[in-house]
Amino acid sequence: MVLLVLFTPMLLFGVILLFHSAVFRSGLIEDQLSDALEIDFANKYIGGGALHKGCVQEEIRFMINPELIAGMLFLPAMADNEAIEIVGVERFSNYTGYGSSFRFSGDHVDKKEVDVLGRRKTRIVAIDALCSPGMRQYGLECLLREINKAFCGFHDQSKHKQYQRLFRDNRVCDVQNDQYIKTVGSSICSGINEDCLGIATGNWGCGVFGGDPQLKSIIQWLAASQALRQCISYYTFDVEPLQTLEQVTGWVWSQKWTVGDLWNMLLEYASQRMNRETELAFFDWLVPSLSFDDMPTI
C-alpha cells in the first residue's frame, strides 16, 4: 500500500473541452471493474469515524478495505490544497445497507489484477468537502475551494508537461476568441493517452456534509475535465436531485462547451443564488426551456 499527499496550485480555467461523463443510478464505486481512481468522500482527518462511530461512505470503505486504517495512524489533517492517494489495498468484505442499516454480509474475494509489485490495482483518492456549508457553498471562495480540492485529487502527475502548457495557453486565451480557445483545448487533449485512468465518484460532500448534489456533481465534472481525465463515472445512488444528471450533462456536452464555459455559467448561477435572485436548482436554471425527455445523453 502506498500513500501520497498531493499538492496542487490554484486551478485555472478555460481551454479544455468537457470530457465524457457516464451516469449510473445504481451500483457502488467500490464495485466498478475498471482501473479508475475511486473517490473516498473523506473527512479532513482521513478515515473519519471509522474507529469509533459513523458508518457512511468513507467509514464503510475503511471497513471493507481494512488496510486503509493504517493511514489513520500517521496522516495529518488535509489542507485545502491536499488530497491523499492510496494504492494497492485489498477488499475483504461484502456488506449491505448504509448508516444504521450497515451489515456485514460475507467474505469478499478480491479479483482485481495485481501490478508488478504485487499490489492490487485499486487506487483510492481521499478528498474532503466543506462540512455544512449552507448558503456559503454558492460563494466564490467556497466554489474555488471545492473545485481546487477535487482537482488536487483528480490530477495526474504524469501529465505535468500538458498541465504546464494548459496553464500557459490559458493566459494567452484571455485575449483570443472562442474558436482559438477550442482549438488549443483540442490540441492539448489529442495528446492524452487513451489508457489514462478515469474517475469513479458520486455524491461527494452531500448527505451528512450538506452539500448541494447538483453543484457538487458539476464541480467534479469540471475538475475531472480540467485534470485531463477522459471519463468520469458518476454514481448518483438514485438521489432525487440527480434524476436528470445524465440528460443535463448530455446537453452540455453536445454544445461542445469548454470547462471555462460551464464554470462561468456556474458562477452566474451561484451569484444569483447568493443574491436571492433565483430559488431554482442549478439544472432547472441552466436548461429551463428544454424538455428532459428530448435531451441527449452521452
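Is W285 buried or exposed? W285 is buried, with a relative accessible area of 15%. The model behind this value is predicted.

## Aromatic pairs

The count of aromatic pairs comes to eight. One of them joins Y95 and F102. Their ring centres are 5.4 Å apart, and the planes stand at 45 degrees, a tilted arrangement. Y95 is buried, at 16% relative accessible area. F102 is buried too, with a relative accessibility of 18%.

F282 and W285 also form a pair. Here the centres lie 6.0 Å apart and the planes meet at 25 degrees, so the pair counts as stacked. The cut-off for stacking is under 30 degrees. F282 is buried, with 0% relative accessibility.

## Helix 9 and the ring cluster

Both F282 and W285 belong to helix 9, which spans residues 282-286. They sit three residues apart, about one turn of the helix. In an α-helix there are 3.6 residues a turn, so residues three or four places apart point the same way.

The two rings are also part of a cluster. Ring pairs link F282 and W285 with Y138, Y269 and F283.

## A lysine over a tryptophan

W204 has a charged neighbour over its ring face. K216 takes that position, 5.9 Å from the ring centre.

## Helix 1

Helix 1 covers residues 57-64. Why is helix 1 described as largely enclosed by the rest of the structure? Seven of its eight residues are buried, so the description follows. The buried residues are Q57, E58, E59, I60, R61, F62 and I64. Charged side chains are among them, including E58, E59 and R61.

These buried residues pack against four elements. Two are strand 3 (37-42) and helix 2 (70-74). The others are strand 5 (93-96) and strand 7 (123-128).

## Helix 3 against helix 8

Helix 3 runs over residues 140-154 and helix 8 over residues 259-274. Their axes come within 11 Å and cross at roughly 145 degrees. The crossing is right-handed.

Which residues of helix 3 meet helix 8? They are L140, L143, L144 and I147. On the helix 8 side, the partners are W263, L267 and A270. The contact is made of seven nonpolar residues, with no polar and no charged ones.

Note on methods: Residues are numbered from 1 along each chain as its sequence is written. This is a predicted model: local features need pLDDT of at least 70, side-chain atom pairs count only at pLDDT 80 or more; totals for chains, interfaces and linings use all residues. Side-chain values use heavy atoms; hydrogens and water are left out. Rings of Phe, Tyr and Trp (its six-membered ring) pair if their centres lie within 6.5 Å; planes under 30 degrees apart count as stacked, over 60 as edge-to-face and the rest as tilted. Buried means under 20% relative accessible area, exposed over 50%, partly exposed in between (1.4 Å probe, protein chains only). A charge sits over a ring if NZ of Lys or CZ of Arg is within 6 Å of the ring centre and within 35 degrees of the ring normal. Contact means heavy atoms within 4.5 Å. Axes are lines fitted to C-alpha atoms, for helices over the stretch in contact, and angles run from 0 to 180 degrees between N-to-C directions. A crossing is left-handed if the near helix is turned anticlockwise from the far one by less than a right angle, and right-handed if clockwise.
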